[in-house]
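This report introduces a structure to a reader who has not met it before. Please look over the sequence and the model shown below before reading on.

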Amino acid sequence: MKLASNIEANNILTLILVVVLLLIIDVFLIPWIISSPYNNNFRVYSTETLMDFINFANNYEGPKVYFVGSSVFFGHGLEKWETIPVKFEKCSGIRAFNLALSGGKLEDQIKIINLLNNDAPIIFEVNPLAFGGNERLTNLALTGNKTAYDAIWIPNLYSKRYLLQEFFFEKSTKEYIKQQYEKLLDPDRGATRNREKQIDFSSKNITINQENIELLESSVGKKITFVLMPIFNTTYTMNSLKIKDKVVDLTSLNISKEDYLDPAHLREHGAEIIAENLCKEV
């Protein structure tokens, strides 16, 4: 009888401790996570957290600049503090929000631009290699009028679960576990920073169709600087782009092969070269 009472008491104590821990996480940790990483080189890994970050960027009241693009601005193969937006923030002293979406297409980027306040400059990555393919974002919109559903209080711990996963793992928990498992099987799997990895650096023929040009020009009312990104051993032009006064052409930058991960993506030093040129031009 006494043993049963002790077990029941221990269960109740465990339940109380779990509830207290969850409340501490929900009331204190989650609000800190929401604000602290956003102010510390944050970038979006999943579309589930994109709208939270856009809202945060829009509401930021200090001097700022929005970076919009795909995997080059996102920093494919780089740590978040090695990316072009972070390097730009350091050399310019202006708060840079990295809203680039890795794997995003031109249509995705235009959607993001249309959700941004017209209160700060936008630096737009023009990378023709990211123009084709299917867009990732659907039904993307800022939260508007509150509905009856919005009035229901949902703890931060659960409503912000994707943000928690990005904070701890920089990807979903499932993807993180899968990645760790693959590393156990093959330590070199997906090693984008491995200089011995065989990469195709042959020259490429790139054409930009008129539909893409018109889509770029559709955001002409915004404070946009279009940045033509270098692609190793490849040249392309945007002569038909009407808003030439808003274009920064970096395609002819002399960036060595050693500063590329692959023909489109840069290592840290390559990202630094791009950022320093943007600090001079923008």
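Is Ile16 buried, partly exposed or exposed? The model is a predicted one, and in it Ile16 has a relative accessible area of 46%. A residue counts as buried under 20% and as exposed over 50%, with partly exposed in between, so Ile16 is partly exposed. Ile16 belongs to helix H1, which covers residues 2-35. Together with Ile12, Leu15, Val19, Val20, Leu23, Ile24, Val27 and Phe28, Ile16 makes a nonpolar surface patch of about 830 Å².

**Helix H2**

Helix H2 spans residues 50-59. This helix is mostly covered, with 7 of its 10 residues buried. The buried residues are Leu50, Met51, Phe53, Ile54, Phe56, Ala57 and Asn58.

**Aromatic contacts**

Across the whole structure, 11 aromatic pairs are found. One of them joins Phe42 and Phe53 edge-to-face, with 4.9 Å from centre to centre and 70 degrees between the planes. This pair links distant parts of the chain, since Phe42 lies in the loop between H1 and H2 while Phe53 lies in H2, 11 residues apart. Phe42 has a relative accessible area of 7% and is therefore buried. Phe53, at 1% relative accessibility, also counts as buried. Ring pairs draw Phe42 and Phe53 into a cluster with Phe56, Tyr60, Tyr66 and Phe97.

Arginine side chains also meet aromatic rings, as the table shows.

| Arginine | Ring beneath it | Distance from the ring centre |
|---|---|---|
| Arg43 | face of Phe74 | 4.5 Å |
| Arg95 | face of Phe97 | 4.2 Å |

**The paired strands**

Strand E1 is formed by residues 64-68, and it pairs with E2 in the parallel sense over 4 bridges. Opposite Val65 stands Ala96, a residue of E2.

Which residues lie on each side of strand E2? In a regular strand, side chains alternate between the two faces of the sheet. Strand E2 consists of residues 95-98, with Arg95 and Phe97 on one side and Ala96 and Asn98 on the other. These four residues are all buried, and both faces of E2 are thus covered. On the side that carries Arg95 and Phe97, Arg95 lies over the face of the Phe97 ring. Phe97 is also a member of the aromatic cluster, which includes Phe53 and Phe56, two of the buried residues of H2.

How values were computed: Residues numbered from 1 in each chain as written. Predicted model: local features only at pLDDT ≥ 70, side-chain atom pairs only at ≥ 80, totals over all residues. Heavy atoms only, no water. Buried < 20%, exposed > 50% of the residue type's maximum accessible area, 1.4 Å probe, protein only. Pairing = 2+ DSSP bridges. Patch = residues over 30% accessible without salt bridge, like charges linked within 9 Å, V, L, I, M, F, W, Y side chains within 5 Å. Areas by Shrake-Rupley, 256 points an atom, 1.4 Å probe, with all protein chains shown as cover. Salt bridge = Lys/Arg side-chain N within 4 Å of Asp/Glu carboxyl O. Phe/Tyr/Trp six-rings, centres within 6.5 Å; stacked < 30°, edge-to-face > 60°. Lys NZ or Arg CZ within 6 Å of the ring centre and 35° of its normal.
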